[in-house]
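Me: I would like to go through this structure slowly, asking at each step how a term is earned. Could you set each value against its cut-off as we go?

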Amino acid sequence: MDESIEELRPTDKERSATHDLTTKQERNDDNEPSEGWKVEITDVQSSLEASCRVEISSGSDISNANAHGEEKGVITDTDSMLVDAIPNLSEQRIIINKLWADFVAQSTEGDKMYIVPSQWSNAFFDQNQTDHTALGEIDVNSVVVDYSNLLLENYESHPYVAVPEPVFLQWQIWYGLTPSSRPLYTVLVENSQGQLMVEYDRPKFRIHYLTAQEDVNSYRYSNRAPLFFTTSRLSTMRDVVTKVTQLFCGRESHLDINNTAFRTWYVKDKSTVTGGNDCLASTYKITTSVFIELPIKHLIKREQYGYSIKNYDSETIDLAIEAKTKGTDQHWASNYYIYSPLAPSKGTIGLSNLGNTCYMNAALQCLVHIPEFRDYFLYDAYEKEINSDNPLGYKGHIALAVANLIHSLFDLRRNVSIYSPRNFKTTISHLNSLFAGYQQQDSQEFLAFLLDGLHEDLNRIKEKPYVEKPELNTEDNIAKFEAIKKLADETWAKHKLRNKSVILDLFVGLYKSTLVCPECEKVSITFDPYNELTLPLPVESTWSGNIILFPHDSSPYKLEVELKKTDTYRDLKKYIANCTGIKMESLLGMEIFNHQFYSNFESTTSSSQYLPIHELISASDVVVFYEVVRSDNDLIVPVMNTIIEDGFRSAKLCGYPFFISLSEKEQCQYGALAHKLEQMFKNWSGGFNNFPLISNDGEVSLDSLPLLRDKYPNVSAEDLENELGYINPNRVPNEYYNIKIYDGKNLQNQDSRYDMAPKNENEINEIWTPAPHVTFNKIHDITENIPEYIKDAYFYKALDSVYQDRKVDICNSNVRLETGQDKYEEENNSGNQAHRVSESDMEIEYLDENHERKPLNHEMNLSLTPNSDPPLQNSQRLVGMQNAIVCEWNSRAYDEVFDNSVETNWDRPSKRINTELEAIKGKRHNEDEKTITLLDCLTLFSTPEVLGASDSWYCPNCKVHRQATKQIELWNSPDILLIQLKRFENQRSFSDKIDDVVNFPINDFDMSPYLICKDDKTSNIYDLIAVDNHYGGLGGGHYTAYVKNFVDNKWYYFDDSRVTETIPERSIAGSAYLLFYRRQTVSDYLGGEKLSVLINDARKKHDEKIKQFNDAALALYEDSKTDDEDEIEAETEKEEPSKDFESNKKGQRENLSNFTDGSIEQREIQPFKGTIASNSDYSIASLEVGEGSKLGDSNECDQNTSRRKLRLLQKTYNTQSINIASPESTSCSSSCSITDSATENVKEDQAVRKNLPDSPLIS
């Protein structure tokens, strides 16, 4: 018994052909049909006897076992005894063997075999297994993927076996099935040798929808999966057609099955015939154009319904079903091209905007309407030139994408108005990440990428040699045209050694570049190819603004300036220096915000080093230029201003920051520093001169300072020599403000992004400023670093005031004057005297020259006890690198100095008239609006210019970089001249756009005056054929196109999907961006003789394919036309007698054989690349008789064809036809035998179809 059970399992060879199937989907292999079902059944009777020879437990024999089995009433129909208990396993095995033997003895084709898991079956027949309760229920579901279509799991991981129907039913009675399981059976089938086999692998059918409605906005092969089912080989063709109709109506639920006629076709794709990818595997809808291209197609007629599919030797069968409404003039979709012949495209199809893709649509419309470019791809001339091995190319993907796009727009087809370039966009997005998303892009950048990609994809040079760019020899005379022409010819020849393509033939020319060294006058001449001519616009593109100037010796004033937008900060400084007479090196430019330095334009790391002036300075920026007169070793110190308002204890920023320059000596002199500050405040306050130091007119000597002399007897006049000139004994220097020092070397409270500190103290020329938003809470008084005798000298008035008032005993005590600031610091800083918070409340006062009491805002030792120590030399610097001076004002003093009644100060700078600018404005105002022409742009293009410092040229004679003079001239022009009007001045940042109108010629544009080399054999007269427009401003907008359609020689305006007829004069506007000119020619095609021959040859082949396509469509119609069509034709023939049309077309028909031997005659036709459009209803009523391609060769055929058209003109593919073609329901009706998951949403796996388990051997 074990042996017989083992023989029921699939063989090792069959197991190796299994595959794990995780989803419920069809299994087939189109490349190698499965032979799994051809398992031979040999010696059935002897095998049955062998399977019945099992060992019986002691005390029993075969006859008793049989008797016992009969007693249980499971093997004969005569025994009706009911059993109250399940027999033990030994008895069950005897019963099953008897059932199995009877089945094999009487088995015939069509008998049922049930699928059970091998694990359960093996356990049942295991002699070591004695407890039948351990077997449990039969879990059929564990080995089944799809019950409806008999799709089983991978045999290796889920083994199974087929058992006779009586055996399975008996097991079901004894053990039952798991809740998720249900019986699954297959049948025995007799093969061609008369042997019975178990049909594990049933034929698989894919159902496709044949429709005349083609969605041109989708892929040629739709992503929607075809319907799928399997059926037994014992089924007839009628069963198959019935099943197809049921499933089809389940998906297309909108159809009225009782009012709809159906036809079913057997089809096979070219790839399944010749080997390759099966396009039908993933396609549900088949359009008529695709259907006609299929090499094998056969209509299943009623007389074939009785045929069995048993002998059909194929694992997967594709069937196409078409439908039409009964009782109407509607025609079958397969006959669409009979009633609606192919017609030339009108060339006016719009492109859908996929989301900010107007830049792409406009450029494509301009490009695809170039006749040579269009026909090169339309007639498939490109196929011979695809260079898929070019490492610089894209393996032909760009060329294929463009070809498919042009076929979709210009193929012979039913006219449509809109096409969605989604496939094209997907390809370009994959190849260039710049166009991957749906952001707005530049149409010119897209066009440049497309032409470059096409050139490399279609480059005829397979292996590019290494070439060097030719140059003029030193002995060549650059003044001779022959030498220049020789260089140009050599450059072009070497360029063509590496580059040959249709893009080079049509779009590429040469320009000449001349560089002249300003020193040695060395001349360098080179030639370079171009496929796009970028022309500057001769417009005054200026930037203007108002700057505030702080002169060294006068009050501030405003100055209006105007420069080119592309000028730099250095140009601005030069402009200001010229207008004011100030030396350029004395000017320091800063942006001021919130009373502090915000941007330091002098820093080497500032954006002023590279940004153009219009990007560096905006209209709202406050820009101040300071005149700082300095020597080479002077230190430039920034000065900030703060004010303590009444009622507040802390200071806040006020006024304008500025700079002072200090020599090394002045950096150590308090008086010199304070004097410079007072002089600056005098200038910028509008002339206030009552400051303590600058208002001192008298001479001061040590003798005039008796208290100081008595206190410091060792101090001589020489010790105070540098200070006496600044000392005012009648006033204190901090009468209006205290001078504090901010140490910028401590950057803890600064943002390092704004700190422009020099790297070392030797970098004195680097202008340092405190970072914006810095806090000045850690600053110290400048007098802390001054020797005591110098401090007492400057504050002599305070010392004298205290002495005169007798407020302290200066003879016997050392008194330390305590201010409010000292108390604040003691309370908050715990005696920290290094840094002090500003405070102006004074407890000690002194009398000024008006005998008014004023606070003394510093601390000093007023002891008059003689100090015999030698005086300290004042050599310590009061201010150094990365130090800023902070002038801390009190509100009363600030209001006094910067009086609002003063006409001019730094808060109200005067305005200086820029006479030069005013003259320019007046001239500009008086001039009429200038008209810009394309000729002006070409003239400006060839005007010599001096290179900028960043673009300097390396002179081979001087061995250094020079700002050479450069001139670019056109040597020749290509057949298709592409001109870009440079409307975006700074395309790096898309900073500005010029909207001025450029007048350009539409016809007879003569380029000869602008070409150096004029070939008499070639016309230099051009006609405008397209304009790419840009509307909008910076970084965005909208693109459209004006295009000349060479199909009807009319101009059209393409705005994405909207297309309207127009006139070319409307394209002359400020929106014109890219201009396309085509050279006038008397020949058919431009681009050279080779390109013309290539396109003409491809066109002939294309026309032949069209003829074959039309013939195939007519032959298909004649072979498959229905009775109603015959009746219509017969009635027409009676009305208009003529020769038998059928006899005239007899030679054009191809007879199809029946399914008598399981083979189908194959009809091979040439593939046709044309597709049919959708989106609108179509009618034949508008077609003119006699128009379109002829279907026959003879005159009689032509006459019959015309008559046929007359008859067909009365018929229309109406709305009902469109409704039938519309995809609606995605769910099957109750009559479907396959679920959605196994049909519509299941994608076929080739590997699964290849590895289905074969039938087990029955012996």
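Me: Which residue of β31 stands opposite Lys 558, and what makes β19 and β31 a pair of strands?

Reply: In this predicted model, Lys 558 stands opposite Lys 911 in β31. Two strands pair if there are at least two bridges between them, and three bridges join β19 to strand β31 (residues 910-912), so the condition is met. These two strands run parallel.

Me: How do you know that β18 and β19 pair, and in which sense do they run?

Reply: Strand β18 (residues 542-550) and β19 share eight bridges, where at least two are required, so they count as paired, in the antiparallel sense. One of the bridges sets Thr 542 against Lys 564 in β19, and a hairpin of six residues joins β18 to β19.

Me: Why is strand β19 called mostly covered?

Reply: Strand β19 covers residues 557-564, and six of its eight residues are buried, a word reserved for residues under 20% relative accessible area.

Me: Why is Tyr 359 called buried, and what does Tyr 359 touch?

Reply: Tyr 359, which has its place in helix α12 (residues 358-368), has a relative accessible area of 1%; buried means under 20%, so Tyr 359 is buried. Beyond residues up to four places away in sequence, Tyr 359 touches several residues, including Lys 425, Phe 435, Asp 442, Phe 446 and Tyr 1039. Tyr 359 and Asp 442 are 83 residues apart in sequence, but 6.3 Å apart in space, C-alpha to C-alpha.

Me: What makes Glu 372 buried, and how do you know that its side chain has a polar contact with the backbone nitrogen of Leu 1086?

Reply: Glu 372, in helix α13 (residues 371-378), has a relative accessible area of 0%, which is under the cut-off of 20%, and therefore Glu 372 is buried. The side chain of Glu 372 reaches the backbone nitrogen of Leu 1086 at 3.0 Å, and since a polar contact needs N or O atoms within 3.5 Å, the distance fits the term. Among the other residues that Glu 372 touches are Leu 506, Ile 976 and Arg 1078.

Me: How do you know that the span of helix α5 agrees with its number of residues?

Reply: At 1.5 Å a residue, the 18 residues of α5 (residues 89-106) should span 26 Å, and the end C-alpha atoms are 26 Å apart, so the two values agree. The N-terminal end of α5 is capped by Asn 88, with a side-chain oxygen 3.2 Å from the backbone nitrogen of Ser 90. Among the buried residues of α5 are Leu 89, Arg 93, Trp 100 and Phe 103.

Me: Why do β16 and β33 count as edges of their sheet?

Reply: Four strands form an open sheet in the order β16-β15-β36-β33, with antiparallel pairing. β16 (523-530) and β33 each have a single partner strand, so one side of each is left without a neighbour in the sheet. Strand β15 (residues 509-516) is joined to β16 by eight bridges, and Lys 512 stands opposite Phe 527 in β16.

Me: What is the volume of the largest pocket, and which residues are the closest to its centre?

Reply: The largest pocket has a volume of about 2100 Å³. Of the 48 residues that line the largest pocket, the closest to its centre are Lys 564, Thr 566, Asp 567, Glu 945 and Lys 982. Elements that give two or more residues to the lining include β19, β33 and β36, while the largest share, four residues, comes from α19.

Definitions and conventions: Residues are numbered from 1 along each chain as its sequence is written. This is a predicted model: local features need pLDDT of at least 70, side-chain atom pairs count only at pLDDT 80 or more; totals for chains, interfaces and linings use all residues. Side-chain values use heavy atoms; hydrogens and water are left out. Buried means under 20% relative accessible area, exposed over 50%, partly exposed in between (1.4 Å probe, protein chains only). Contact means heavy atoms within 4.5 Å. The expected span of a helix is 1.5 Å times one less than its number of residues. A polar contact is a pair of N or O atoms within 3.5 Å; within protein, one must be able to donate a hydrogen and the other to accept it, and residues adjacent in sequence count only if both atoms are side-chain atoms. On a 1 Å grid over the protein atoms alone, a cavity is a set of points where a 1.4 Å probe fits but cannot get out, and a pocket is an open set with protein on both sides within 12 Å along at least five of seven lines; lining residues have an atom within 4 Å of a point. Grid points are joined across faces, edges and corners, and a volume is the space filled by probe spheres set on the points.
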